[in-house]
Amino acid sequence: QVQLVESGGGLAQAGGSLRLSCAASGRFTSLDMMGWFRQAPGKEREFVAVLIRSRRTQYYADSVKGRFTIARDSAENTVYLQMNDLKPEDTSVYYCAVRHRALVVSAVRDGRLYDFWGQGTQVTVSS
């Protein structure tokens, strides 16, 4: 089992920044994929970003590309999401999600394929 604990959510003004963290703990040998999804009220969960350690690559949703940066501290099994130039439409509950093994590129945005999920952290951006 893997436990994921997110932190760093909160309230920000449009144009501001927040940094989310997600720490993984438990019994596991490796977590190749660590990423973030979000879900706004009344909307479906959507992919935000993912980092694949074995490929040293990151993928982003078009809506956050250039504003958000995903990074990982492998020694600590922690993934971060630096969110800059926040917009009111970024308001959502943000969820950390991980997977033991990498997916093909076409599948990284499918949340159903991730192994474990965090409880979520609220991000609210005011205009």
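**View 1. Thr78 sits in strand 8 of this predicted model.** Is Thr78 buried or exposed? Thr78 counts as buried because its relative accessibility is 8%, and buried means under 20%. Now look at its surroundings. Setting aside neighbours within four places in sequence, Thr78 is in contact with Cys22, Ala23 and Met34. Thr78 is also in contact with Ala71, Arg72 and Asp73.

**View 2. Strand 8 pairs with strand 7.** Strand 8 covers residues 78-83. Strand 7 covers residues 68-73. The two strands are antiparallel, and six bridges join them. Find Ala71, then look across to strand 8: Tyr80 stands opposite.

**View 3. Four strands make an open sheet.** In what order do the strands lie? The order is 1-3-8-7, with antiparallel pairing. Strand 1 (2-7) and strand 7 are the edge strands, and each pairs on one side only. From one strand to the next, the twist averages 15°. A general point helps here. Strands of a sheet pair through backbone hydrogen bonds, either parallel or antiparallel.

**View 4. One disulfide joins Cys22 to Cys96.** The count of disulfides comes to one. The S to S distance is 2.1 Å. Which parts of the chain does the pair link? Cys22 lies in strand 3 (residues 18-26), and Cys96 lies in strand 9 (residues 92-99). These are distant parts of the chain, with the two cysteines 74 residues apart. The link is left-handed, with -80° about the S-S bond. Both Cys22 and Cys96 are buried.

**View 5. The largest nonpolar core holds 39 residues.** Which residues touch the most other members? They are Trp36, Leu81, Met83, Tyr94 and Tyr114. Strand 5 (residues 46-52) gives the most to this core: six residues. Now pick out Met83. Leaving aside neighbours within four places in sequence, Met83 is in contact with Gly16, Ser17, Leu18 and Leu20. Its other contacts are Arg67, Phe68, Tyr94 and Val123.

**View 6. Ser17 lies in the loop between strand 2 and strand 3.** Strand 2 spans 10-13. How exposed is Ser17? Ser17 is partly exposed, because its relative accessible area is 41% and partly exposed runs between 20% and 50%. Not counting residues up to four places away in sequence, Ser17 touches Ala12, Gln82, Met83, Asn84, Asp85 and Leu86. Two of these partners deserve a look. The side chains of Ser17 and Asn84 are joined by a polar contact of 2.9 Å. Ser17 and Asp85 are 68 residues apart in sequence, but their C-alpha atoms are 6.2 Å apart in space.

**View 7. Strand 5 and strand 6 form a hairpin.** Strand 6 covers residues 57-60. How many bridges join strand 5 to strand 6? There are four, and the strands run antiparallel. Start at Val50 and look across to strand 6: Tyr59 stands opposite. Then follow the chain through the hairpin, where four residues lie between the strands. Arg56 takes a positive phi here, near 55°.

Note on methods. Residues are numbered from 1 along each chain as its sequence is written. This is a predicted model: local features need pLDDT of at least 70, side-chain atom pairs count only at pLDDT 80 or more; totals for chains, interfaces and linings use all residues. Side-chain values use heavy atoms; hydrogens and water are left out. A disulfide is a pair of cysteine sulfur atoms within 2.5 Å. Buried means under 20% relative accessible area, exposed over 50%, partly exposed in between (1.4 Å probe, protein chains only). A nonpolar core is a set of buried Ala, Val, Leu, Ile, Met, Phe, Trp, Tyr and Cys residues joined through side-chain atoms within 4.5 Å. Contact means heavy atoms within 4.5 Å. A polar contact is a pair of N or O atoms within 3.5 Å; within protein, one must be able to donate a hydrogen and the other to accept it, and residues adjacent in sequence count only if both atoms are side-chain atoms. Two strands pair if DSSP finds at least two bridges between them. Axes are lines fitted to C-alpha atoms, for helices over the stretch in contact, and angles run from 0 to 180 degrees between N-to-C directions.
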